[in-house]
Amino acid sequence: MAQLKCPNCGREFVRRVSRAGPLELFLSYFYVYPFKCQLCGDRFRLFQWGVRYVRVEEDRREYDRMEMNFPVSFYGQDVAGEGNVVNVSMGGCSFRTSTKIESGTILNLSLQISKDVPPVIIDAAMARNMRAGTVGVEFMLWQQSERERLQLFVRGLLIGRGVDLEPLVSRPEPLLPR
Ligand SMILES: [Zn+2]
């Protein structure tokens with residue numbers, strides 16, 4: 001099978017994502033599945049004759065997060081602190097911190113991806129979940145230039161570890177609602 005490429009940016013870091021809604025469920029019977037580019041975030045559908053994907057129920061996340069360790073500083077309306085990023089993707093990151101952060105808090109983040117370059121600034125990230133001193137945030141708003149800098153960094157990580165391809169089966173999956 002040819003390596004899948006993103007129609008938007010042309011890179012091959014593409015992940016299959018969950019089908020959303022009855023149309024995509026229907027289309028999958030005709031070998032059309034949704035994918036998401038791990039770099040530019042483009043979500044697209046692709047037809048591959050005879051290729052049937054196994055459903056992955058547990059992980060509905062659209063980006064793979066990569067294990068990491070670099071410093072982050074953050075501030076929000078009533079909170080400020082520092083921490084250590086433990087994983088990152090183009091969609092968000094998780095970091096360890098001793099600062100208490102409420103779910104739903106909007107944070108400005110400075111991701112110190114390397115000692116040699118200025119931090120990547122996320123203008124707004126929303127705290128989604130926290131457990132055992134680790135906060136998961138989703139990137140909401142950032143300058144295009146910062147997004148491109150993080151893309152370069154993430155691309156380096158993706159190249160470093162190779163691309164995980166989803167397992168394939170040849171039999172149709174049962175038509176069951178989620
Ligand atoms: Zn792309």
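**Exercise 1. The nonpolar core**

Task: In this predicted model, find which residues have the most contacts inside the largest nonpolar core, and work out where that core lies with respect to the domains.

Solution: The largest nonpolar core of the model has 28 residues, and those with the most contacts inside it are Val72, Val85, Leu109, Leu111 and Ala125. The next step is to see which elements contribute: strand 2, strand 5, strand 6, strand 7 (92-96), strand 8, strand 9, strand 10 and helix 2 (144-161) each supply at least two residues of this core. Finally, because domain 1 (14-60 + 163-170) and domain 2 (66-161) both give residues to the core, it lies between them. Taking one of the residues named above as an example, Ala125 is in contact with Gly92, Leu107, Leu109, Val137, Glu138, Phe139 and Met140, when its neighbours within four places in sequence are left aside.

**Exercise 2. The overall plan**

Task: Describe how many helices and strands the protein has, and in what order they run from the N terminus.

Solution: Counting the elements gives 2 helices and 11 strands. Read from the N terminus on, they run β-α-β-β-β-β-β-β-β-β-β-α-β. Of the 178 residues of the protein, 20% count as buried. Turning to contacts between residues at least 6 apart in sequence, one finds that 48% of them join residues at least 24 apart.

**Exercise 3. A sheet of three strands**

Task: Determine the order of the open sheet of 3 strands and which of its strands are at the edges.

Solution: The strands of this open sheet follow the order 1-2-3, and their pairing is antiparallel. Strand 1 (14-16) and strand 3 (43-47) are the edge strands, since each of them pairs on one side only. On average, and with direction ignored, neighbouring strands of the sheet are turned by 40° against each other. Looking at one pair in detail, strand 2 (residues 32-37) and strand 3 are joined in the antiparallel sense over 5 bridges. Within this pair, Val32 stands opposite Phe47, and Tyr33 stands opposite Leu46. The hairpin formed by strand 2 and strand 3 has 5 residues between the strands, and there Gly41 takes a positive phi near 85°.

**Exercise 4. Positive phi outside glycine**

Task: Locate Tyr31 and Ala132, and decide for each whether it is exposed or partly exposed.

Solution: It helps to begin with the general background, which is that most residues other than glycine have a negative phi. Tyr31, although not a glycine, has a positive phi of about 65°, and it lies in the loop between helix 1 (21-28) and strand 2. Because Tyr31 has 14 C-beta neighbours inside 10 Å, it counts as partly exposed. Ala132 likewise is not a glycine and has a positive phi of about 50°; its place is in the loop between strand 9 (120-131) and strand 10 (134-141). With 5 C-beta neighbours inside 10 Å, Ala132 therefore counts as exposed.

**Exercise 5. Two residues and their surroundings**

Task: Place Gly81 and Arg65 in the fold, and name the residues that each of them touches beyond four places in sequence.

Solution: Gly81 belongs to strand 6 (residues 80-88), and it counts as partly exposed because it has 17 C-beta neighbours inside 10 Å. Not counting residues up to four places away in sequence, Gly81 touches Phe74, Thr97 and Thr99. From C-alpha to C-alpha, Gly81 and Ile101 are 9.7 Å apart in space, while they are 20 residues apart in sequence.

Arg65 is found in the loop between strand 4 (52-53) and strand 5 (66-75). Since 16 other C-beta atoms lie within 10 Å, Arg65 is partly exposed. Its contacts, again leaving aside neighbours within four places in sequence, are with Asn87, Val88 and Ser89. The C-alpha atoms of Arg65 and Val154 are separated by 9.7 Å, although the two residues are 89 apart along the chain.

**Exercise 6. Confidence**

Task: Establish where confidence in the model is highest and where it is lowest.

Solution: The protein averages a pLDDT of 85, and 85% of the residues score at least 70. Strand 8 (residues 106-111) has the highest confidence, at a mean of 96, whereas strand 11 (residues 168-169) has the lowest, at 44. Over residues 165-174 pLDDT stays under 50, and for this stretch the model has 12 contacts beyond four places in sequence. Where pLDDT is low, the predicted coordinates should not be read in detail.

Methods:
Residues are numbered from 1 along each chain as its sequence is written. This is a predicted model: local features need pLDDT of at least 70, side-chain atom pairs count only at pLDDT 80 or more; totals for chains, interfaces and linings use all residues. Two strands pair if DSSP finds at least two bridges between them. Helices (H or I, at least four residues) and strands (E, at least two) are DSSP runs, numbered from the N terminus. Axes are lines fitted to C-alpha atoms, for helices over the stretch in contact, and angles run from 0 to 180 degrees between N-to-C directions. A residue is buried if 20 or more other C-beta atoms lie within 10 Å of its own, exposed if 12 or fewer, and partly exposed in between; C-beta atoms are placed from the backbone. Two residues are in contact if their C-beta atoms, placed from the backbone, lie within 7 Å. pLDDT is the predictor's confidence in each residue, from 0 to 100. A nonpolar core is a set of buried Ala, Val, Leu, Ile, Met, Phe, Trp, Tyr and Cys residues joined through C-beta atoms within 7 Å. Domain bounds come from an automatic or database domain assignment.
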